[in-house]
Amino acid sequence: LLKPILKKGNNVKVYPIFDSTMKSVGREKLKNAFIYPASSEKHKNHDKLYKAFLEVSKLQPNNDIELNLTLSEKDYFNSCYNKIKPPKNLHLYNHGIIPKYKLYNIYEKCEYLIYPSYSESFGLPLVESIKFNCKVIASDLPYVNCIIKPSLTFDPRNTKDICNSIVHSMNSNLPQSKIKVNNQVSSLIKFVKSLWEREF
């Protein structure tokens, strides 16, 4: 099935696929609660994110801040989050590898999705979180701007810029994020079917 696709190397079709039926039940958001649902790979940029949150906690000593993570128990133990004890006003919650419905519950309560990754094939949490009325604060990179209009962006390679974005989000009324793409699973099925018919 790949032969017809690979014959034209620059003719790449993109079909975003995600659950378009998920939606918020309108739960009240927890103030200054952030979620970053990501694995532990280096490009996920956890080190700079945590440094930014540590700085934010110093700049906002009277504000409680919550950061929710989804790392495996082993990865969390070996991560930057376990090397430096957070200040009393920075609350870290690692939920581990969880099923979708539990992730959706965390989206439901969190005010913000923060996404400092350097690269993604799609970045599904960007779309998912908006379905649950999260405001997205994310890397100012093409993979983000192609699929959503975030509430705020930052330079993911600059810890200070990440920090400033977090502080700004906590102290201002950011606009809602918007999804730019549609679920195209039906179009993908039609495309695969056409390839199959051409091949056989």
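Helix 4, residues 100-109, lies across strand 1, strand 2 and strand 4, and runs at about 110° to strand 4. I should say at once that this is a predicted model, and that every value I quote is computed from it.

Let me place that helix in its setting. The secondary structure of the chain comes to 8 helices and 8 strands. Of its 200 residues, 46% count as buried. If we take the contacts in the chain with a separation of 6 or more, 74% of them are between residues 24 or more positions apart.

I turn now to the sheet. It is an open sheet formed by 6 strands, in the order 3-2-1-4-5-7, and the pairing is parallel. At its edges are strand 3 and strand 7, each of which pairs on one side only. From one strand to the next, the twist averages 20°. Helix 2 packs on this sheet, where it touches strand 1, strand 2, strand 3 and strand 4, and its direction makes about 165° with that of strand 2. Helix 2 itself covers residues 46-59, and together with strand 1 and strand 2 it makes a right-handed β-α-β unit.

Strand 2 deserves a closer look. How many of its residues are buried? The count is 5 of the 5, across residues 65-69, so the strand is largely enclosed by the rest of the structure. The side chains alternate: I65, L67 and L69 point one way, E66 and N68 point the other way, and all are buried. Please note that this includes E66 and N68.

The pairing of strand 2 can be followed on both sides. Towards strand 1, residues 30-36, there are 4 bridges, and the two strands run parallel. Within that pairing, A33 has E66 as its bridge partner, and Y36 stands opposite L69. Towards strand 3, residues 90-94, there are 5 bridges, again with the strands parallel. Here I65 has L90 as its bridge partner.

Next, helix 7. Does its length agree or disagree with the expected span? Its 12 residues, 159-170, should span 16 Å at 1.5 Å a residue; the end C-alpha atoms are 17 Å apart, which agrees. The N-terminal end of this helix is capped by N158, with a side-chain oxygen 3.0 Å from the backbone nitrogen of K160. The buried residues of helix 7 are I162, C163, S165, I166, V167, S169 and M170. They pack against strand 1, helix 2, strand 2, strand 4, strand 5 and strand 7. Strand 2 and helix 2, which we have already met, are thus among the elements that helix 7 packs against.

My last point concerns a single residue, S129, which lies in helix 5, residues 124-131. Is S129 buried or exposed? It is buried, because its relative accessible area is 0%, and the cut-off for buried is under 20%. A polar atom of the S129 side chain lies 3.3 Å from the backbone oxygen of L126. Beyond its neighbours within four places in sequence, S129 is in contact with Y107, L113, C134 and V136.

To close, I would return to strand 2. Strand 2 is joined by 4 bridges to strand 1 and by 5 bridges to strand 3. Helix 4 lies across it, helix 2 touches it from its place on the sheet, and the buried residues of helix 7 pack against it.

Key. Residues are numbered from 1 along each chain as its sequence is written. This is a predicted model: local features need pLDDT of at least 70, side-chain atom pairs count only at pLDDT 80 or more; totals for chains, interfaces and linings use all residues. Side-chain values use heavy atoms; hydrogens and water are left out. Buried means under 20% relative accessible area, exposed over 50%, partly exposed in between (1.4 Å probe, protein chains only). Two strands pair if DSSP finds at least two bridges between them. A crossover is right-handed if, with the strands pointing away from the viewer, the path from the first strand over the helix to the second runs clockwise. The expected span of a helix is 1.5 Å times one less than its number of residues. Contact means heavy atoms within 4.5 Å. A polar contact is a pair of N or O atoms within 3.5 Å; within protein, one must be able to donate a hydrogen and the other to accept it, and residues adjacent in sequence count only if both atoms are side-chain atoms. Axes are lines fitted to C-alpha atoms, for helices over the stretch in contact, and angles run from 0 to 180 degrees between N-to-C directions.
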